[in-house]
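Grab a pencil and work through these exercises with the model open beside you. Try each task before you read its solution.

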Amino acid sequence: TDEDHQDQMGIVKTPPHPRRDEHIAEVDAADPEPRRQQQRQAHAPRNQFGMVLSGPVYIPKLYNGRDKTFWMVNYEGQREKNEAASLASVIPADFRRGDFSAFPTQLRDPLGGVFAGNIIPESRIEPISRRYLEMHPLPNLPGINFGSNLAGVDQQLNNIDQLFARGDHSFSDKDKLFARVAFFTFDFPTIPINYFSTIDSQIKASNAVLSHTHIFSPTLINE
């Protein structure tokens, strides 16, 4: 079925996918609560903020730039988090304990022979491996044919920071100078429910401008 996930930012349509929808239907029939929690949690908060400071350059007893030298600083920021219901496949709890009895293929013992009943003795599991598995999220859905067994919410972050600084100076009615620098940072990581597959993306940019304008006549300007 084609599902509509609605939040405060609008409606995002998920295209139909027969295998995925069949799996979701089986999971919902077995235990619908994780799915309901998954949909309740999805939301998309967005915060925008900024400031502008400007004025003449004035240094008491040193420099009075009123009417000829000015400065301006502008900052703009955005923090946005989009969340979408998602399914993923993680290592089943039985496998983490060394119990592969549900696995159809006979496991071979690297020291020779096979593991009886496809169960690896706890004494053969390295402590480092145990610690590594403890860091992985546990499944919260019954695994179906070793498919998706984790329901949750993916997070897509959009964090933007922009900073501009500008200075203007008027030498005379015919000569003016201005300088500007700008810095831009855009972080947009994706944090899936299986957080070991995080995608971290970032864009940084900056530029600077220096301009002098001279008026030779009402019809001739050099910049």
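**Exercise 1.** In this predicted model, what share of the contacts in the chain with a separation of 6 or more comes from residues 24 or more positions apart?

*Solution.* Start with the contacts whose partners have a separation of 6 or more, then pick out those 24 or more positions apart: they account for 58%. Now look at the elements of the chain, which has four helices and 11 strands.

**Exercise 2.** Find Thr185 and work out which residues it touches, leaving out those up to four places away in sequence.

*Solution.* First, locate Thr185 in strand E8, which covers residues 175–187. Next, list its partners: Asn159, Ile160 and Asp161 are among them, and so are Gln202, Ile203 and Lys204. Finally, check Ala205: it sits 20 residues from Thr185 along the chain, yet their C-alpha atoms are separated by 6.6 Å.

**Exercise 3.** Is Met135 buried, partly exposed or exposed?

*Solution.* Find Met135 in the loop between helix H4 (127–134) and strand E7 (150–170). Its relative accessible area is 38%. Buried means under 20% and exposed means over 50%, so Met135 counts as partly exposed. Then look around it: Met135 forms a nonpolar surface patch with Tyr132, Tyr195 and Phe196. Together these residues have about 400 Å² of accessible area.

**Exercise 4.** How much area does the chain expose, and what percentage of it do carbon and sulfur atoms supply?

*Solution.* The chain exposes about 15,300 Å². Carbon and sulfur atoms supply 57% of that area. To finish, turn to the inside: of the 223 residues in the chain, 25% are buried.

Technical notes
Residues numbered from 1 in each chain as written. Predicted model: local features only at pLDDT ≥ 70, side-chain atom pairs only at ≥ 80, totals over all residues. Heavy atoms only, no water. Helix = DSSP H or I, 4+ residues; strand = E, 2+ residues; numbered from the N terminus. Buried < 20%, exposed > 50% of the residue type's maximum accessible area, 1.4 Å probe, protein only. Contact = heavy atoms within 4.5 Å. Areas by Shrake-Rupley, 256 points an atom, 1.4 Å probe, with all protein chains shown as cover. Patch = residues over 30% accessible without salt bridge, like charges linked within 9 Å, V, L, I, M, F, W, Y side chains within 5 Å. Salt bridge = Lys/Arg side-chain N within 4 Å of Asp/Glu carboxyl O.
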